[in-house]
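Student: I would like to go through this model and see what its side chains are doing. Can we take it by question and answer?

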Amino acid sequence: MVRMGFLRDNVWDGARDAENTEELPPTKARLPQWALRPRISEIVPEWCNMPVGIRRRVLTEAMYHGYLKQQQAEVNSFKRDEGMRLPTNIDYSQIRVLSREEMDKLMLIRPDTFGAAKRIDGITPGGILALLRHVQRQPTDQKQQQKQQIHKEQRQRQKLQEQQNEEQSPGTA
């Protein structure tokens, strides 16, 4: 049996058991699947002429591609949650996972969005996650009431602004 020196016995045994059991030519017998892949230089003939720094960079990016893809998905999720609005009448004391300090700070500051809540000093990622879960668990009718409350507040601000504009403009009767 051909064995690579850099693989531990248990890793080699796992690779040997998982490999394809088809009959292979004697030179390729018992090699793990990854060893049968073509070399980069066979696909890209200029590979050997490239500077070592570039080759290292390409290999590193290829090796971490899956992790980078996952991290980018997390960044996109963070950006999406950043602008998510928090209910105006939320009772932070009902979120049992929050520490007393987190509860007090959230009740004092009353952030409008999750992004604002994330930037409050002393609020942990676990606290933000608990807040997100709490908001997502609210019944649909309660969310509808919150939307109506927001629209009502916006209309009140608009009427107040119109009244202020009327008072400031010269009187026309």
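The turns below deal with the nonpolar core and an aromatic pair in a predicted model.

Student: Which helix supplies the largest share of the largest nonpolar core?
Tutor: This core has 16 residues, and L86, Y92, L106, F114 and L131 touch the most other members. The helices α5 (100-109), α6 (114-118) and α7 (125-136) each supply at least two residues of this core. The largest share is 5 residues, and the helix they come from is α7.

Student: Is A117 buried or exposed?
Tutor: A117 sits in helix α6. Beyond residues up to four places away in sequence, A117 touches L86, L106, P111, I123, I128 and L131. The relative accessible area of A117 is 0%, so this residue is buried.

Student: What separates the C-alpha atoms of A117 and L131?
Tutor: L131 is one of the residues that A117 touches. Along the chain, A117 and L131 are 14 residues apart, and their C-alpha atoms are separated by 9.3 Å.

Student: Are the rings of Y64 and Y67 stacked, edge-to-face or tilted?
Tutor: The count of aromatic pairs comes to 1. In the pair of Y64 and Y67, the ring centres are 6.1 Å apart. Planes under 30 degrees apart would count as stacked and over 60 as edge-to-face. The planes of Y64 and Y67 are at 45°, so the pair is tilted.

Student: Is Y67 buried or exposed?
Tutor: Its partner Y64 has a relative accessible area of 40% and is partly exposed. The cut-off for exposed is over 50%. Y67 has 58% relative accessibility, so Y67 counts as exposed.

Notes. Residues are numbered from 1 along each chain as its sequence is written. This is a predicted model: local features need pLDDT of at least 70, side-chain atom pairs count only at pLDDT 80 or more; totals for chains, interfaces and linings use all residues. Side-chain values use heavy atoms; hydrogens and water are left out. A nonpolar core is a set of buried Ala, Val, Leu, Ile, Met, Phe, Trp, Tyr and Cys residues joined through side-chain atoms within 4.5 Å. Buried means under 20% relative accessible area, exposed over 50%, partly exposed in between (1.4 Å probe, protein chains only). Helices (H or I, at least four residues) and strands (E, at least two) are DSSP runs, numbered from the N terminus. Rings of Phe, Tyr and Trp (its six-membered ring) pair if their centres lie within 6.5 Å; planes under 30 degrees apart count as stacked, over 60 as edge-to-face and the rest as tilted. Contact means heavy atoms within 4.5 Å.
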